[in-house]
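Trainee: I should like to request a close look at a single part of this model, namely its disulfides.

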Amino acid sequence: QVQLVESGGGSVQAGGSLRLSCTASGITYSRYCMGWFRQAPGKEREEVAAISTGGSSLYYADSVKGRFTISRDNAKNTLYLQMNSLKPEDTAMYYCAAKVSWLGCSLSATEYNYWGQGTQVTVSS
């Protein structure tokens, strides 16, 4: 019954922008930390950003800080990732994930309980 569904991926030129969305069902969304992760072909999974239950605490990987913005709308059970100034190295499958908030939120992928199917982001040079 738990489902996370990503949308908003696509192909853009370097320097362009995309906004990813993730809608959740089957969980009490407002009690979960949420995060974005990505994986490129031949590369290991990489942390991107995370957000606490109320949106007060934000976490970003150094590679995206200043370019990406994570946000959430608990009334809509939706997570967002605004991506600006995109670079070819941002090309990857992007996944959203949910984690029970117990001892706080983190950017560690191993701590997340539920995962979406992913949405592809391709940035051309």
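When the bonded cysteines of the chain are numbered in sequence order, what is the pairing?

Mentor: The pairing is 1-3, 2-4 when the bonded cysteines are numbered in sequence order. Please note that this is a predicted model, in which local features need pLDDT of at least 70, side-chain atom pairs count only at pLDDT 80 or more, and totals for chains, interfaces and linings use all residues. Residues are numbered from 1 along each chain as its sequence is written, and side-chain values use heavy atoms, with hydrogens and water left out.

A search of the whole structure finds two disulfides, a disulfide being a pair of cysteine sulfur atoms within 2.5 Å. One of them joins Cys-22 to Cys-96, with an S to S distance of 2.0 Å. This pair links distant parts of the chain, 74 residues apart: Cys-22 lies in strand E3 (residues 18-25) and Cys-96 in strand E9 (residues 92-100). Strands (E, at least two residues) and helices (H or I, at least four) are DSSP runs, numbered from the N terminus. The torsion about the S-S bond of Cys-22 and Cys-96 is about 50°, so this disulfide is right-handed. Cys-22 and Cys-96 are buried; buried means under 20% relative accessible area, exposed over 50%, and partly exposed in between (1.4 Å probe, protein chains only).

The sulfur atoms of Cys-33 and Cys-105 are 1.8 Å apart and form a disulfide. Here too distant parts of the chain are linked, 72 residues apart: Cys-33 belongs to strand E4 (residues 32-39), and Cys-105 to the loop between E9 and strand E10 (114-115). Because the torsion about the S-S bond of Cys-33 and Cys-105 is about -80°, the disulfide is left-handed. Both Cys-33 and Cys-105 are buried.
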